[in-house]
Amino acid sequence: MANNSALFAQTLTDWTQGTFLAPVPLWVWAMVSALVVIYLLALPFGGIATYIERKIAADMQDRIGPNRVGPLGLFQFAADAVKMLSKEDYVPPAGDKFLFNIAPVLVVVGSCAGFVALPLGQYLVAGDVNIGVFYILAVTTLIAPGILLGSWASENKWSLLGGLRSAAQIVSYEIPVALSILPVILISGSLQVGEIVKQQGWNPDLPIAANAHFWNVVHNPFTVFAFFILFVGGLAETNRIPFDLPEAESELVSGFNTEFSGMRFGLYALGEFVDVFVMCAMLAALYLGGWQLPFLELDKFWITLPSGLIALIHVGVFLVKTLLLVFVVMWLRWTLPRLRVDQLMGLCWKGMVPLALFNVLGTAIWVWAFKGQSMIQVAMGLFSGGGSSH
Amino acid sequence: MSNGIKLILLLAEILTVGSALVVAVNPNILYSAVFLLFSFLGVAVMFLFAGADFLAATQVVVYVGGVTILILFAIMLTQWMYRLKLRDVGSKFIVPAVVLALGLVPMLHRGLTDLARMVKAAPPEKMSEFAASPKTMEIGKALLGSHVLPFEAITILLLGALVGAVWLARPKS
């Protein structure tokens with residue numbers, strides 16, 4: 001396995017060989033790809049997500065939602081951004097100016113950095129890091145200190161309570177989330193997100209029994225549960241309803257972001273939306289086959305279809321899966337009531353952690369007993385008298 | 001190593017040492033905790049460029065996501081802790097501090113000379129090859145193969161600590 005932690009930057013370097021851009025070193029291209037990730041993926045998604053969220057909320061409450069700015073109100077998020085930039089830049093005089101300024105930045109850095117290892121398509125990933133999944137888990141931990149410090153720097157009781165709640169919640173739910181990622185790693189034997197997605201593919205050349213590895217969510221009975229635990233844990237990690245206790249407006253005004261106004265508040269909101277996207281994209285890549293289409297190997301058409309079109313299809317498939325999960329997250333917001341703090345902690349430590357541990361053990365035994373075959377393969381093997389393992 | 005990587009490495013070193021300095025001399029204990037976070041991040045970047053990507057991510061998960069949060073919690077939940085000026089109580093520890101610092105010098109010297117010998121022994125092209133090779137699989141195999149006994153011993157220790165923490169925190173009835 002080659003080290004391709006700078007895959008995208010390496011491609012850019014290769015492309016520019018022999019042109020006037022050839023002397024530009026690799027690290028400049030790495031910077032360029034980082035900026036592309038932030039400005040072309042993370043920020044537009046954050047903006048459009050606010051619009052989608054408001055439209056979905058309006059639909060579910062039988063309202064119209066934003067409809068004034070641009071066609072169908074599509075430019076509402078741009079208007080919101082302009083509004084936020086023109087707001088008064090207020091720092092609580094009793095608070096801590098330095099911490100107040102860096103806290104929202106930590107949140108945005110933590111959530112945007114996760115974008116780097118997300119495989120949008122087979123050859124479209126900013127950096128397919130060897131430790132991919134673990135890398136995403138690591139950088140998103142920056143969000144917790146960001147929220148905690150911002151709440152403390154506000155010098156406000158409600159803020160501090162919200163921040164402490166948020167940190168306790170994120171630290172607790174990190175455990176079931178990490179334990180629910182482990183089954184996938186046990187199955188695929190790799191931490192690299194691109195490799196995990198590739199293994200969930202479909203190859204028409206092979207006999208069907210060798211082929212039915214399929215998406216990890218239906219690999220064995222335990223991964224079905226692990227998928228749901230990861231989804232619920234992701235909701236809690238991103239402070240979404242029904243786990244939005246850090247900003248419970250009926251008790252804490254607005255929680256950790258009470259004192260934040262203007263673009264600093266915007267950064268918090270943006271960080272949350274980007275984090276939701278990263279969480280859903282990770283779920284789609286690990287359990288729902290990422291950019292893979294079922295029963296179809298797009299690589300087979302590599303010669304007949306132009307490569308740009310294939311890349312577009314990959315990105316489209318991946319985005320559809322991810323956005324469907326994002327839709328479910330927004331749908332839950334208008335469906336479920338908020339949990340109490342003790343229910344939240346009880347659910348994590350007494351319910352999800354033991355279940356997640358059981359899933360890891362179960363998957364380990366399954367992979368050992370059936371030599372890594374999925375349950376579809378095992379079932380086919382029963383009928384055809386011994387299926388071939390891959 | 002290209003100049004760009006050298007520059008990033010230099011920035012990481014400045015971040016690590018500079019933040020560590022702020023941790024040591026800043027009288028506000030909360031600022032010390034915050035700059036400890038930046039120092040940990042700088043160390044993670046250096047691990048990354050030494051080819052230890054798994055170690056770098058572990059550093060961030062354990063120290064930034066775990067230890068720093070724990071320290072921040074402890075400071076915020078202890079009354080008046082963050083108003084305490086650490087300089088007030090610092091002066092009486094000067095003699096033990098100097099003794100400790102003098103004792104550290106031979107240890108550091110030993111470690112650095114060993115390191116210099118190792119760097120001289122390894123040819124630079126071998127070094128970059130090593131730094132670029134993925135090592136996570138080897139770490140996993142070592143932990144569950146040749147080093148399985150210490151690994152299991154640590155898990156039992158951690159389980160004991162967890163059970164002990166639950167026992168301490170249970171309500172007295």
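**Chatting through chains A and B**

Colleague: Hi! Where does B:H109 sit?

Modeller: Hello! In this predicted model, B:H109 lies in helix α5 of chain B, which covers residues 94–121.

Colleague: Nice. Is B:H109 buried or exposed?

Modeller: B:H109 is exposed, because just 10 other C-beta atoms lie within 10 Å, and a residue counts as exposed at 12 or fewer.

Colleague: And how far apart are B:H109 and B:V99 in space?

Modeller: They are 16 Å apart, C-alpha to C-alpha. In sequence, 10 residues separate B:H109 and B:V99.

Colleague: OK, zooming out. How many helices and strands does chain B have?

Modeller: Chain B has eight helices and zero strands. Following the sequence, you would read the pattern as α-α-α-α-α-α-α-α.

Colleague: What percentage of chain B is buried?

Modeller: Of the 173 residues in chain B, 15% are buried.

Colleague: And what about contacts between residues that are far along the sequence from each other?

Modeller: Taking the contacts in chain B between residues at least 6 apart in sequence, 57% of them join residues at least 24 apart.

Colleague: Good to know. What is the mean pLDDT of chain B?

Modeller: The mean is 81, and 83% of the residues in chain B reach 70 or more.

Colleague: Where in chain B is confidence lowest, and where is it highest?

Modeller: The lowest is helix α4 of chain B, residues 87–90, with a mean of 58. Helix α8 of chain B, residues 148–169, has the highest, at 91. As a general point, predicted coordinates should not be read in detail where pLDDT is low.

Colleague: Fair enough! What scores does the predictor give the complex?

Modeller: The complex gets an ipTM of 0.77 and a pTM of 0.82.

Colleague: Let's switch to chain A. Which domains does the assignment give?

Modeller: For chain A, the assignment gives domain 1 at 40–86 and domain 2 at 94–371. The centres of these two domains of chain A, taken over C-alpha atoms, are 23 Å apart.

Colleague: How many residues are in contact between the two?

Modeller: In chain A, 14 residues of domain 1 are in contact with 14 residues of domain 2.

Colleague: Which elements give two or more residues to the domain 1 side?

Modeller: Those are α2 (26–60) and α3 (76–85) of chain A. The largest share of that side comes from α2(A), with 10 residues.

Colleague: And how do the residues on that side divide by type?

Modeller: On the side of domain 1 of chain A that touches domain 2, there are 10 nonpolar, three polar and one charged.

Colleague: Great, thanks!

Key: Residues numbered from 1 in each chain as written. Chains lettered and ligands numbered in written order. Predicted model: local features only at pLDDT ≥ 70, side-chain atom pairs only at ≥ 80, totals over all residues. Domains from an automatic or database assignment. Contact = placed C-beta atoms within 7 Å. Helix = DSSP H or I, 4+ residues; strand = E, 2+ residues; numbered from the N terminus. Nonpolar A, V, L, I, M, F, W, Y, C, P; charged D, E, K, R; others polar. pLDDT = per-residue confidence, 0-100. Buried ≥ 20, exposed ≤ 12 C-beta atoms within 10 Å, placed from the backbone.
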